Amino acid sequence: MGHHLWVVIPAYDEQRSIGATLQRLTEQTDGAFTVVVVDNGSTDATAEIAAGFADRLDLHVITEPVKGTGAAADTGMRHAIAHGATLLARTDADCLPAPGWTAAVRRGFADGLRMLSGPLRPRADEFPLRWWERRLLPAVVSIAATFGRFRPGNRDAAYLGPYVMMPGCNLAITAELYEAAGGFPRTRIEDVHEDRALVNRVRRLTRDYGLRRDVLVHGSVRRLRAYGLVGTLAWYADHRYTPDRVDIR
């Protein structure tokens, strides 16, 4: 029997990382959740590695052939809802949720939030972090969040509350609100940042969203390393920089 909290993980060619992500989910202090990995047309062993965790996690592995984190994440969210999920959390297949992540998500919902996120910190296990990378991933997130508050597209009289940056790799939402808001747009990340779009859809419906310091995920710095600081900032600022190869592996 599935649990009411489901964790959704879209994944594309993540055979090098998804095992660590799923291993971290086996180590959660609150283990009462179901995981759905959405294989987004991978050409490697992503799905097979994920399936190998079926003996340690309440796990579904499904496929979404339409390219895009928005499409894959939405497929996962709707699969979870169709199987009884009332609470939804998302991380990505190159991320490491802190051991207390699902417990913190549950506390956030218990405190009345209907959508929540928290800090994104750099992973230290992928490769030795340069000192500037260790400092700059949080800085990039902070700068992007500040920029987002002033970005014209995030300012509209119809919004009930302020803009809050909620990275898709560290985001949780009630199933009821996800459906009411229309979910993640089924887009490619190079076209639309689906996490920002969902935040703005939610802002038209409620003020019951916010950030929690204990909802912590460690994310990959591979995009920062591949794009450089200026390129990364421009990428997050409405794709003012879009590289030839978006999917950094």
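Which residue of β2 does A11 stand opposite? The answer is D39, and the views below, all taken from a predicted model, show the setting of this pair.

**View 1. Strand β1 beside strand β2.**
Here you can find A11 facing D39 in β2. The two strands, β1 and β2, run parallel and are joined by six bridges. To get from β1 to β2 the chain passes through α1, and this β-α-β crossover is right-handed.

**View 2. Strand β1 beside strand β4.**
Strand β1 also pairs with β4, again in the parallel sense, over four bridges. Look for V7, which stands opposite A89 in β4.

**View 3. The side chains of strand β1.**
In a regular strand, side chains alternate between the two faces of the sheet. Try following that pattern here: L5, V7, I9 and A11 point one way from β1, while W6, V8 and P10 point the other way. Is this strand enclosed or open to the outside? Seven of the seven residues of β1 are buried, so the strand is largely enclosed by the rest of the structure.

**View 4. The whole sheet.**
Now let us step back to the sheet as a unit. Its seven strands follow the order β3-β2-β1-β4-β8-β6-β9, and they make an open sheet with mixed pairing. Why do β3 and β9 each have one side without a neighbour in the sheet? Strands β3 (58–63) and β9 (209–211) stand at the edges with a single partner strand each, so one side of each is left free of a neighbour there. On average, neighbouring strands of the sheet are turned by 20° against each other, ignoring direction.

**View 5. An antiparallel pair, β6 and β8.**
Strands of a sheet pair through backbone hydrogen bonds, either parallel or antiparallel. Residues 115–117 form β6 and residues 171–174 form β8, and these two strands pair in the antiparallel sense over three bridges. Within this pair, M115 stands opposite I173 in β8.

**View 6. Helix α3 on the sheet.**
Helix α3 (residues 69–82) packs on the sheet, where it touches β1, β2, β3, β4 and β8. The direction of α3 makes about 155° with that of β1.

**View 7. The buried face of helix α1.**
Which residues of α1 (residues 18–26) are buried? They are I18, G19, T21, L22 and L25. Seen down the axis of α1, these buried residues fall within an arc of 160°, so they line one face of the helix. Their cover includes β1, β2, α2 (46–51), β5 (96–97) and α4 (101–110).

Terms used:
Residues numbered from 1 in each chain as written. Predicted model: local features only at pLDDT ≥ 70, side-chain atom pairs only at ≥ 80, totals over all residues. Heavy atoms only, no water. Pairing = 2+ DSSP bridges. Axes fitted to C-alpha atoms, helices over the stretch in contact; angles between N-to-C directions. Contact = heavy atoms within 4.5 Å. Buried < 20%, exposed > 50% of the residue type's maximum accessible area, 1.4 Å probe, protein only. Arc of directions from axis to C-beta. Right-handed = clockwise from strand over helix to strand, strands pointing away.
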